[in-house]
Number of protein chains: 2
Amino acid sequence: MEKVTPRTLSGFMELLPAQQIRMNRLLAALRETYELYGFTPLDTPAIEAAEVLLAKGGGETEKQIYRFNKGDSDLALRFDLTVPLAKYVALNRAALSFPFRRYQIGKVWRGERAQRGRFREFYQADIDVIGDGKLDIMNDAEVPAVMARAFTALGLTDFTIRINNRKVLGGYFELLGVRDRTTEVLRTIDKLEKIGVEKVCEILKDECGLDDIQIGGALEFVTLSGSDADKLAFLEERAGENERLAEGVRELRTVIEALPSLGVAKENFAVDLTIARGLDYYTGTVYETAVNSHPEIGSVCSGGRYDNLAEYYTDRQLPGVGMSIGVTRLFYVLTEQGMLNENVLTAPCDAIVLPMTEDTAYAAGVATELRRHGVCTQLYTEQRKFKQKMAYASNLGIPYAVIIGDDEIAAGEVSLKDMSSGEQTRCSAENAARTVLEGLKARSVEKLIKVN
Amino acid sequence: MEKVTPRTLSGFMELLPAQQIRMNRLLAALRETYELYGFTPLDTPAIEAAEVLLAKGGGETEKQIYRFNKGDSDLALRFDLTVPLAKYVALNRAALSFPFRRYQIGKVWRGERAQRGRFREFYQADIDVIGDGKLDIMNDAEVPAVMARAFTALGLTDFTIRINNRKVLGGYFELLGVRDRTTEVLRTIDKLEKIGVEKVCEILKDECGLDDIQIGGALEFVTLSGSDADKLAFLEERAGENERLAEGVRELRTVIEALPSLGVAKENFAVDLTIARGLDYYTGTVYETAVNSHPEIGSVCSGGRYDNLAEYYTDRQLPGVGMSIGVTRLFYVLTEQGMLNENVLTAPCDAIVLPMTEDTAYAAGVATELRRHGVCTQLYTEQRKFKQKMAYASNLGIPYAVIIGDDEIAAGEVSLKDMSSGEQTRCSAENAARTVLEGLKARSVEKLIKVN
């Protein structure tokens with residue numbers, strides 16, 4: 001038979017078992033945290049009508065999208081989880097309770113140019129709170145609190161959620177007299193980290209037409225140092241002159257002041273007036289998240305407040321606030337940076353039962369008993385030499401081997417071997433289960449991420 | 001702005017929140033059971049090169065597949081999880097330990113004719129054990145044991161995993177002297193349940209050319225009644241005359257005799273000589289699973305033993321055994337048949353914190369404390385009337401409300417309201433957490449499926 005060469009497409013992450021188990025642990029931690037904060041799961045189709053998915057139309061998105069026909073239908077794969085959410089809420093508004101708080105963890109597809117660390121298929125893990133008509137500003141504090149908890153649960157501690165407010169930006173630039181060029185000025189300032197202060201000034205002068213005083217004001221603003229309280233005080237001093245700025249500062253203060261009571265550590269958030277995010281979409285609070293020991297990673301979790309989730313589908317005003325983690329890229333970067341904790345178990349099971357006799361009925365009973373106690377157990381029944389069986393267990397990193405020979409069967413017991421210490425003891429299957437579960441509990445304190 | 005009508009494609013399941021939570025519970029129970037038996041998770045891409053996915057080529061599959069071009073690439077969405085597994089194992093053989101036991105729960109896509117209960121996007125939940133060169137027959141007992149445990153965990157008890165062996169079928173028909181027509185005869189017998197005995201006899205005579213003695217023998221075989229032991233005895237009596245039959249009976253007996261020690265209840269499995277399954281693929285043990293109180297559902301979980309998983313990709317012999325659940329269809333049918341337990345909680349959270357004061361800092365602290373104890377908690381901060389807040393909690397089926405007014409703040413306590421009994425008590429946030437967790441534990445005995 002002629003063979004087809006097996007291959008996986010480039011830009012598509014496909015992991016070996018140990019890495020897959022780490023990835024699943026990352027996804028599970030996000031899911032559990034989102035649920036702890038009372039977000040409800042949503043699972044929209046991967047395929048939507050192209051017309052629905054591209055309602056907003058235009059731009060980079062349209063070029064990257066996987067679009068195709070099936071019969072008469074013009075279809076496309078989802079390229080994010082926000083557009084499907086908008087469709088879902090517009091479609092099911094009458095059946096939903098608002099605020100509608102949903103999380104969705106799922107794959108999205110973008111036909112980007114293939115390059116290292118860029119994925120064409122990747123997981124996003126989103127949370128959003130959607131209001132019907134209006135939505136309280138406290139939600140803008142809760143959303144980053146969820147993300148802070150998720151990162152902490154994963155073992156990442158040196159992160160900072162940087163928070164800004166688009167109204168603060170807009171209002172301040174109105175004050176500077178560059179209201180008509182707010183968009184260009186913000187877009188330029190958004191590049192501050194990428195291209196540096198000097199280049200930004202140049203563009204502000206030559207392309208945006210700002211005079212020296214305006215540039216000075218803009219730079220004073222975006223390079224403002226000091227504590228969050230200092231920054232808020234600087235803004236409040238100027239807020240009397242501009243209603244938009246005043247509103248933005250009130251919102252920003254509310255969010256910043258609420259975070260500690262929501263359990264977020266002081267070092268994990270900060271006002272950052274340089275953050276603007278995409279210009280078309282966000283209207284209030286905006287977030288980016290930096291890993292401080294690895295700034296080169298970029299923002300691992302971003303989002304913000306928007307006035308109108310579903311304006312392409314409905315006249316109903318549906319304001320919302322959300323954040324999104326690009327999980328596949330995050331996992332890739334954590335691996336590349338050596339930030340995954342090697343001590344986390346990556347075996348497919350906790351214990352492997354190795355029968356040394358031809359009759360495997362007793363061994364099967366032992367496996368059943370271990371599973372009844374909640375020990376993830378593999379029953380190994382291949383006809384191999386003892387050494388090969390142990391090598392199999394060792395290669396997979398299985399922490400315990402349960403050895404069943406004639407002696408054990410005669411005694412109605414098992415031999416339990418701790419694969420890391422090499423220690424071997426005879427006991428009942430029930431006691432073996434207890435020992436395994438105790439041992440695993442001691443190891444479960446290990447977190448997925450280890451920051452060096 | 002002109003609006004696009006929001007819609008979800010037909011044949012694509014998209015659930016409202018309460019149903020989604022039930023569906024997630026179904027998926028979680030499968031995942032947990034698969035892991036309890038030591039299966040390792042796998043997550044292959046949704047998109048593969050069409051050449052790779054269609055290596056086997058031809059047939060119904062090719063017509064149903066979602067296939068499209070992106071740039072120069074001829075791509076397709078996976079239509080099952082077996083072909084991607086074959087590709088994965090062929091590609092990564094050197095890095096894997098055998099037997100390789102993997103589970104995969106993921107969406108697959110087939111552009112089937114849209115009709116009620118037929119889905120174009122659906123979850124499959126597969127387990128397979130793959131050997132390198134050979135694979136012990138005990139695996140053929142363990143795979144259905146996993147599925148039996150999964151169904152039991154979900155609350156489904158009146159199911160029967162029907163087990164047969166293709167070698168038994170093949171050997172027996174060789175004995176009858178219809179070896180050259182085994183394929184047609186098996187295909188005809190496979191229709192027994194659908195078209196009845198009489199029609200089957202007619203086809204066996206007219207189309208397969210069997211004489212009356214051969215038809216009699218075929219019918220005696222497929223209508224054999226009695227216990228599993230009786231059926232095995234019937235087969236063993238004849239097995240001396242045909243080596244293939246003898247091997248099949250030995251395998252079938254091993255599987256049937258191992259199931260009780262693997263924890264499968266007597267009433268949950270049976271020898272069924274009428275099961276043949278697809279003819280190209282399976283070579284030994286075959287399985288189908290019936291829900292006895294609802295035979296109209298059809299097989300909810302099927303599979304079998306195959307000699308050669310990846311023959312389109314590699315010369316290496318990779319035998320395997322596996323079973324698959326069509327989860328989306330199963331969930332749809334359970335819903336339609338009213339088999340989902342109404343007592344299972346479907347709220348997005350365990351407790352909702354309702355601040356009655358303008359300052360929400362104390363309430364936020366309470367929510368944080370509840371979450372610290374593992375209570376899934378929503379903090380509700382919208383400016384609404386008390387009645388509206390309670391209606392929100394009630395509509396979502398949230399079991400506990402934690403009410404925070406001036407009195408509670410002054411006392412450093414909370415008022416905890418059991419939403420089903422209406423009982424309200426004053427206590428500390430920590431004690432509220434304890435009460436909620438106790439109450440939930442009592443309700444967690446409820447299983448997802450309730451067979452009437």
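## A tour from two arginines to the sheets and cysteines

Begin by selecting Arg277(A), which counts as partly exposed because its relative accessibility is 23%, a value that lies between the limits of 20% for buried and 50% for exposed. Keep in mind throughout the tour that what you have open is a predicted model.

With Arg277(A) still selected, follow the backbone to either side, and you will find that this residue sits in the loop that runs between strand 8 (269-271) and strand 9 (285-291) of chain A. If you now display its surroundings, leaving out residues up to four places away in sequence, Arg277(A) touches Arg166(A), Asp190(A), Tyr282(A), Val286(A), Tyr287(A), Glu288(A), Ser302(A) and Gly303(A).

Next, colour the positions that an unreviewed UniProt entry lists under the feature "binding site": Asp80(A), Leu81(A), Thr82(A), Arg110(A), Gln124(A), Asp128(A), Arg277(A), Tyr281(A) and Tyr282(A).

From that list, move to Arg110(A), which lies in the loop between strand 5 (100-109) and strand 6 (121-130) of chain A. Is Arg110(A) buried, exposed or partly exposed? Its relative accessibility is 23%, and therefore Arg110(A) counts as partly exposed. Setting aside neighbours within four places in sequence, you can show the residues in contact with Arg110(A), namely Gln64(A), Tyr66(A), Phe79(A), Asp80(A), Phe119(A), Arg120(A), Phe122(A) and Gln124(A). For one of these, Phe79(A), zoom in on the backbone oxygen, which lies 2.9 Å from a polar atom of the side chain of Arg110(A).

Now switch to a cartoon view of chain A and look for the open sheet of 8 strands, whose order is 1-5-6-11-10-9-7-8 and whose pairing is mixed. At its edges are strand 1 (40-41) and strand 8, each of which pairs on one side only. Select strand 7 (residues 159-165) together with strand 8 of chain A, and you have two strands that run parallel and are joined by 3 bridges. Within this pair, the bridge partner of Ile161(A) is Phe269(A) in strand 8.

A second open sheet in chain A is formed by 3 strands in the order 2-4-3, with antiparallel pairing. Its edge strands are strand 2 (47-49) and strand 3 (67-70), each pairing on one side only, and neighbouring strands of this sheet are turned by 40 degrees against each other on average, with direction ignored. Which residue of strand 4 is the bridge partner of Ile47(A)? Select Leu77(A), since strands 2 and 4 (residues 73-77) run antiparallel and are joined by 3 bridges, and Leu77(A) is that bridge partner.

Continue to Val52(A), which belongs to helix 2 (residues 50-53) of chain A and is buried, because its relative accessible area is 1%. Not counting residues up to four places away in sequence, Val52(A) touches Val83(A), Lys87(A) and Tyr313(A), and also Val4(B), Thr5(B) and Arg7(B) of chain B. Add Tyr312(A) to the selection, and you will see that its C-alpha atom is separated from that of Val52(A) by 9.0 Å, although the two residues are 260 residues apart along the chain.

Finish in chain B with the cysteines, bearing in mind that the structure holds 0 disulfides over all chains. Cys376(B) is in no disulfide, and the nearest cysteine sulfur, that of Cys349(B), is 7.8 Å away. For Cys427(B), likewise in no disulfide, the nearest cysteine sulfur is again that of Cys349(B), at 17 Å. Cys427(B) counts as buried because its relative accessibility is 12%.

Conventions:
Residues numbered from 1 in each chain as written. Chains lettered and ligands numbered in written order. Predicted model: local features only at pLDDT ≥ 70, side-chain atom pairs only at ≥ 80, totals over all residues. Heavy atoms only, no water. Pairing = 2+ DSSP bridges. Helix = DSSP H or I, 4+ residues; strand = E, 2+ residues; numbered from the N terminus. Axes fitted to C-alpha atoms, helices over the stretch in contact; angles between N-to-C directions. UniProt positions renumbered as here; feature names shortened; annotations may be inferred. Buried < 20%, exposed > 50% of the residue type's maximum accessible area, 1.4 Å probe, protein only. Contact = heavy atoms within 4.5 Å. Polar contact = N/O pair within 3.5 Å; in protein donor to acceptor, adjacent residues only side chain to side chain. Disulfide = S-S within 2.5 Å.
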